[in-house]
Amino acid sequence: MLFGTQRVNARGHLEVGGVDAVDLAERFGTPIYVVDEDSFRARCREYVSELRREAPGASVAFATKAFLCRAAAQLAAEEGLRIDVASLGELQAALEAKVEPETITFHGNYKKDEELLAALDAGVGLVAIDSTDEMRALSRLASATGRRQRVVIRVAPGIDGHTLDAISTGRNDTKFGITAENGAALRAVEECLGLPGLELVGLHAHIGSQILVLGPFALLAEKMVGLAKTASVRTGWTAGLLVLGGGLGICYGDDDAPPAVSELVRTVVATVRRASQACGLKPPRIELEPGRSLVGEAGLTLYRVGPVKEVPSGENETRTYVVVDGGLSDDPRPLLYGARYPVLLANRAAEGPTHVVRVAGRHCETDTLFDVRLPLPRPGDIVAVLSTGAYNHTMASNYNYFCRPPVVFVRRGDARLVVRRETVEDLLRRDVG
Ligand code: LLP
């Protein structure tokens, strides 16, 4: 299973963006995150063009929590996407990438006053309000500084995204958003309309991540139109915008069959249109805010194999451990969510798999990455883990004081370092005791 521009070249090596992955490992060291720029751009274009075709005026925002560096925010902005941020750090990175503040949405379920003020100061286009407490705080801060901030209210729509519990965020029992089903969201709309410093432009919901079926998205579109209609009857205010979140899943294995972007777009647009017509509501403008499905399959991680050990694993059975020079700190997802990925040997990509081996990290933890079928790895081989473009670089940590890997963008034979490898000096700079 290969993605985007990935192929096996004449040397029998994995190639991506026209660059030999083994050369990348030699040149930049390992572990390393590699992003296939053309494939990332292609996904951005697909979302934008599908949405524009189906619903002129609709927009796409890139959820930067999935993958962020200045180059990524710049790329998404160049492709015509808005940018979602969920912290001061993400906001700052987007601003430094010269993203137009007007195209930024500020998210988060606990935005501190200093963050709300920074968002106001930056002039972000939208703040997604997550609670009534936050709504009142933002109103106070905006009016104290003589501003009027455009906002959407994030609603918990009471929908199960049919994905992992940790990333199913649209149910009633969630810390995110304001509950729709008990009337709290409607009351928040009413209150918001009366608060100084705020201009309510629409409603927002996000039901989860790595969703592989379209049903929950259609249900979400329907429920949000229903809520907009009730709000309009109750208050006379009409939602001009429905932000229907991200969540589209990607391929992590042969058995994953995510719907195409075009199918998602058609489903959402048709449902909003039909539901609006049915209840006599002017169809609101639609925004989607994907993260994973824009960049996940465009990214891969390269590791170098260290020790290979065969150990007894049961009666007359053995297991081969293949230790790589990364693990939990550059990819916590296998331990957190039981995540799996396509894996191959980048320097022996033409060889068929012959052995089931356990690839493990080098942390002081049983950080098994995955059990996979590979040609029997040898020390020095390069392991390529595919589909790591989302929630790897942004979820990396410094456990064991390992330094976080660099990010390299590859495109048409060129490799461009966009985030350098962290150094021990970087780590120790904060240690002031
Ligand atoms: N919008 C909001 C408000 C979100 O909270 C998220 C993701 C997105 C958009 C983008 O969702 P996506 O298209 O990427 O599914 N760390 C987890 C994923 C957490 C997702 C959090 N929210 C993982 O590694 O699987």
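In the predicted model, tyrosine 252 and tyrosine 341 are both buried. Their rings form an edge-to-face pair, because the planes stand at 85 degrees, an angle over 60; the ring centres are 5.4 Å apart. The contact joins distant parts of the chain, 89 residues apart. Tyrosine 252 belongs to the loop between strand 12 (241–243) and helix 9 (261–279), whereas tyrosine 341 belongs to the loop between helix 11 (333–337) and strand 16 (343–345).

A search of the whole structure yields five aromatic pairs. Among them is the pair of phenylalanine 40 and phenylalanine 62, with centres 5.6 Å apart and planes at 65 degrees, so this pair is likewise classed as edge-to-face. Phenylalanine 40 is located in helix 2 (residues 37–54) and phenylalanine 62 in strand 5 (residues 59–63); the pair therefore ties together parts that lie 22 residues apart in sequence. Both of these phenylalanines are buried. Phe40 and Phe62 are also members of a cluster, linked by ring pairs, that includes Phe67 and Phe409.

With respect to cysteines, the count of disulfides is zero. For cysteine 44, the nearest cysteine sulfur is that of cysteine 69, 12 Å away. Because a disulfide requires sulfur atoms within 2.5 Å, cysteine 44 takes part in none. Cysteine 69 is likewise in no disulfide, its nearest cysteine sulfur being that of cysteine 44. Cysteine 44 is buried, with a relative accessible area of 0%. Cysteine 69 has a relative accessibility of 6% and so also counts as buried, the limit being under 20%.

An open sheet of three strands shows antiparallel pairing in the order 1-2-3. Strand 1 (7–8) and strand 3 (19–20) are the edge strands, each pairing on one side only. Two bridges connect strand 1 with strand 2 (residues 14–16) in the antiparallel sense. Within this sheet region, valine 8 stands opposite leucine 14 of strand 2.

On the surface, a nonpolar patch is formed by Tyr401, Val424 and Leu428, which together have about 280 Å² of accessible area. Valine 424 is placed in helix 12 (residues 424–429). The relative accessible area of valine 424 is 41%, so this residue is classed as partly exposed; the value also satisfies the requirement of over 30% for membership of a patch.

Notes: Residues numbered from 1 in each chain as written. Predicted model: local features only at pLDDT ≥ 70, side-chain atom pairs only at ≥ 80, totals over all residues. Heavy atoms only, no water. Patch = residues over 30% accessible without salt bridge, like charges linked within 9 Å, V, L, I, M, F, W, Y side chains within 5 Å. Areas by Shrake-Rupley, 256 points an atom, 1.4 Å probe, with all protein chains shown as cover. Salt bridge = Lys/Arg side-chain N within 4 Å of Asp/Glu carboxyl O. Helix = DSSP H or I, 4+ residues; strand = E, 2+ residues; numbered from the N terminus. Buried < 20%, exposed > 50% of the residue type's maximum accessible area, 1.4 Å probe, protein only. Phe/Tyr/Trp six-rings, centres within 6.5 Å; stacked < 30°, edge-to-face > 60°. Pairing = 2+ DSSP bridges.
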